[in-house]
Amino acid sequence: MTPADTGASTTVGAASAVPVPDTADSRMTPGGPGYRRMSLALFLAGVATFALLYSTQALLPLISGDMGVTASDASWTVAAATGGLAVFVLPMSALSERFGRRTVMTASLAVAVAVGLLVPFAPSLPALVALRAVQGAALAGLPASATAYLAEEVTPRALVTAIGLFVAGNSVGGMSGRVITGWVAQEWGWRIAVGVIGAVAVACAVAFRLLLPAPRHFTPGSLRPRVLARTVRDHLADPLLRRLYAIGALFMTVFGGVYTVIGYRLTEAPFSLPQGVVGSIFLVYLVGTVSASTAGRLVGRLGRRGALYLGGGTTAAGLLLSLAPSLPLVLLGLVLITAGFFAGHAVASSAVSRTATHGRAQASALYQSAYYIGSSAGSTVGAMAFHSGGWGGTVGVGLVAVLGVVTITVSGSLAARRTARSVPARA
């Protein structure tokens, strides 16, 4: 089925039976024209996306106290944003096929930062949750469009590294947003803190639009619902893509649960840390920046499945360490959880872009939808588990999710072995 048949964009150098030699490939490569501007632009977009998306996560204890709600209730300010993104990422990806990746990413950031400036004025928890849902829906245009842009504009050899840099921007955004809000909220309250994040996101959005090179390999596709449905059906019928979607969702279930609840654990006995210090705990996101940006080399050495096993094992080890009643061991556990998660996410998301031969925006959108459904589920279920069973309950949810990652990866290995004799495995 050709791209024209599916309504997907036709791209120079897209996966095909006859590869295009690097010498004839006009797409961006590391060190080549436009690559640094593109990398910085998408890095800043990733910073803005994660800073806005999780702007309330480190502040949940303060929101609970200010509004008189439980941890489970306050966690909806995170789950609503990630849920809104999960629901709207596929429709937004369809718009990017018609109107262009850069256009949709720019519009998404513009709306999201505008809503971000309204969030501090939410008069009640329902209003705050509603604004966060709108903000998440607005941000939905960015993740799938960004990976599709990279798949079209960057050479295949550089794709994992380029996506890793975008994911690294996510980790920096998540880290800086939480650190900034922690210290600002300690002095002036959570409303001023989320307002500051909104202002930072405005600066990132402006820089992104000025820096991102115009696409050279994008051809508009169709917006017909029937064509979109056929493309989505094709992707969901692919066993490899289904496994990658499930892996992304499960990794994010762990991460969403841990970082939604960790603030409550560290502000309570035996740690009783102040809000500013709790916010600084998120500096461990720097580990995620490193692990995501080196995912390409990890895949080169271990293969995709080997890298996923390593990411899952590292995450599980971190979960178990975090059970200790010792702050240094809890911090080491968070480091391992963060490193394992970001490595696994970068590997899985880049594999989606390499696997899809048409409708890349929809393939990436389905991954992002599964990923943020996992985040919403992790935030909600993790908070519920903490409410009923303490930190051990949250860790238990995470370990079940990691077991799912390992099980799916093993099933992929077995399937590849069964087909290796007749058809070469794709990964």
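Student: Which helices each supply at least two residues of the lining of the largest cavity?

Tutor: They are α2 (35-53), α8 (141-153), α9 (156-188), α16 (327-355) and α17 (360-419). Keep in mind that this is a predicted model. Among these helices, α9 makes the largest contribution to that lining, with four residues.

Student: What makes this space a cavity rather than a pocket?

Tutor: The test is whether a 1.4 Å probe that fits inside can get out; here it cannot, so the space counts as a cavity. Its volume is about 80 Å³, and the structure holds four cavities of 30 Å³ or more.

Student: Which residues lie nearest the centre of the largest cavity?

Tutor: Of the 13 residues in the lining, P143, F166, N170, H345 and Q368 lie nearest the centre.

Student: How do you know what kind of lining the largest cavity has, by class?

Tutor: Sort the residues: seven are nonpolar, six are polar and none is charged. H345 is part of this lining, and His is not one of Asp, Glu, Lys and Arg, so it counts as polar here.

Student: What makes three residues in the lining of the second largest cavity charged?

Tutor: Arg is in the charged class, and the lining includes R243, R304 and R305, so those are the charged ones. The rest of the tally is five nonpolar and two polar residues. The volume of this second cavity is about 70 Å³.

Student: Which helix gives the most to the lining of the second largest cavity?

Tutor: That is α12, with four residues. Besides α12 (239-267), the helices α15 (295-321) and α17 each supply at least two.

Student: Let's turn to helix packing. Why are α5 and α6 called oblique to each other?

Tutor: Helix α5 (residues 76-99) and helix α6 (residues 101-116) pack at about 135°, with their axes 7 Å apart. That angle is not under 35, not over 145 and not within 65 to 115 degrees, so the pair is oblique. On the α5 side, M92, L95, S96, E97 and F99 make the contact, while R101, T103 and V104 do so on the α6 side. By class, those contact residues are four nonpolar, two polar and two charged.

Student: And the whole chain: how many helices and strands does the chain have?

Tutor: It has 17 helices and zero strands.

Student: How do you know that the chain is as compact as a globular protein of that length?

Tutor: Set two values side by side: the radius of gyration is 21 Å, and the globule rule gives 22 Å for 427 residues. The two are close, so the chain is as compact as a globular protein of that length. Its C-alpha trace spans about 60 × 45 × 40 Å along the principal axes.

Notes
Residues numbered from 1 in each chain as written. Predicted model: local features only at pLDDT ≥ 70, side-chain atom pairs only at ≥ 80, totals over all residues. Heavy atoms only, no water. 1 Å grid on protein atoms, 1.4 Å probe; cavity = no way out; pocket = protein on both sides within 12 Å on 5 of 7 lines; lining within 4 Å. Points joined across faces, edges and corners; volume = space filled by probe spheres on them. Axes fitted to C-alpha atoms, helices over the stretch in contact; angles between N-to-C directions. Contact = heavy atoms within 4.5 Å. Rg over C-alpha atoms; globule rule 2.2 N^0.38 Å.
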